[in-house]
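Me: Could you walk me through this structure and tell me what each label rests on?
Reply: Happy to, let's take the terms one at a time.

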Amino acid sequence: MAANESYPDDLRYHPEHDWARIDGDEAVLGITWYAQDALGELVHFEAPRLGAALTKDQAYAEVESVKAVSDVIAPLSGEVLAVNEKAVEEPETINGDPYGEGWLVRIRLSDASEADGLMAVDAYRAHVAEQ
Amino acid sequence: MVPFAGWEMPVQYEGVIPEHLAVRSDAGAFDVSHMGQLHVEGPATAEFLQSVLSNDIDRLADGEAQYTLLTTESGGIVDDLIVYRMSHGHYLLVVNAGNREAAYGWLKERERRGTEVRDASDEYALVAVQGPKSLARLGLDDGEQFTHGMGEVGGIEVMVCRTGYTGEKGVELLSADEDGAALWDFVIGQDVVPCGLGARDTLRLEVCYPLHGNDITTETDAISAGLGWVCALDTGFTGAEALRRIKDAGPERRLVAFTMEEKAVPRQGMAIEGGGEVTSGTHSPSLDVGIGMGYVPVAQAAEGQELEIDVRGRPRRARVVKKPIYRKES
């Protein structure tokens, strides 16, 4: 079941519709409600390998609906510590709970200062409104 | 909404997957008014159509219909279509939207004395109602597949065609263009799920109905595509000679159906290791797995053969399966 539109206050956002929940030198990443809604019900999450190096602003994974495939852009640089296997096995989880059970990967940040370049929720909401 | 052959068409209403599943288990409706309708009339029509269409039109009686191909000299496919025999000397051809002009032009060029081709596409609306509950919802009796007759649905006069593109029981309702909106509203009002182009594609691919432009084109022939069963080679239609040569020699490649053995969604244009290519691919909502069709060399075309598909640089395993990919259990 699709979630209702929401953008949590405690996340940092990338203009390509990705979010990061930063905790010390680690972060959990995912795609926003807007992204999953634009794609429709997801049928495939092509996850990165454990240990893969993510580079901010570059594609690190793919999410795919019946209609279309889309790159997932890294909001921050870092090393993949964990992949959400539930999102791999049941990609519709990403639609149902994009900020919770539908997270994608957890990474160790390689440059914590990159977070300064991400948007707070108000700026991201304004960005979505322009789409 | 997306542009499709000059029409604005919804890819989905509620979502491709719920729409698809509604058609498999219940009833769904598709507005396919974009498809073309060509009337061919006159005393020499049967003879004319027999010379340009691949299937044996002499097997049709009034009120019957047939899947057939419009073929080139070399056995290529200009369009695949359904021909409905209305009466002696009068046939209706329902052609693909994207090929309406090509098919019309092709026939018009070859028209002969005693027969006339007329493009009547703008005069009609067409609503496909498909699924195990579709007939009951419309108050229609079970009818034999590939037949048609005049009837009334929701007080609107329609040609009830026992045809479809989903592999389910159902009808396609042809009405006057001006009645199209009322017909659609009536059908949707009978607890029938509105469905878009997305579900139309997943449904047809599960049952391996080819899509012209993807799986069959003027560059592919009917034998390689597995459509020899709609080619009555003895009738001597355009391209019959070429097709007989391909049949006798055995085609070099075949259009096969496959399912993914690993998680991935195959897409049109992806390479298949060994020289093949995916012509249609999607995620099957019924089977919850990637499925597709594609041309592979005959050596790789046997059921059970493992294939390797290049999914954006990642090799993913697939296996050739018997058509159709999806089969109703009952």
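Reply: Two residues are in contact if their C-beta atoms, placed from the backbone, lie within 7 Å. This is a predicted model, where local features need pLDDT of at least 70, side-chain atom pairs count only at pLDDT 80 or more, and totals for chains, interfaces and linings use all residues. Residues are numbered from 1 along each chain as its sequence is written, while chains are lettered from A and ligands numbered from 1 in the order in which they are written.

Me: What makes Val129(B) and Leu173(B) a contact?
Reply: Leu173(B) is on the contact list of Val129(B), which leaves aside neighbours within four places in sequence; therefore their C-beta atoms lie within 7 Å. That list also includes Ala27(B), Leu138(B) and Val192(B).

Me: Why is the set with Val83(B) and Leu93(B) called a nonpolar core?
Reply: A nonpolar core is a set of buried Ala, Val, Leu, Ile, Met, Phe, Trp, Tyr and Cys residues joined through C-beta atoms within 7 Å, and buried means 20 or more other C-beta atoms within 10 Å of a residue's own. The largest such core has 119 residues, and Val83(B), Leu93(B), Val127(B), Val129(B) and Leu173(B) have the most contacts inside it. At least three of its residues come from each of domain 1 (1-250) and domain 2 (252-321) of chain B.

Me: How do you know where those domains end?
Reply: The bounds come from an automatic or database domain assignment, which for chain B gives 1-250 and 252-321. Their C-alpha centres lie 27 Å apart, and the contact takes 16 residues from domain 1 and 15 residues from domain 2.

Terms used: Buried ≥ 20, exposed ≤ 12 C-beta atoms within 10 Å, placed from the backbone.
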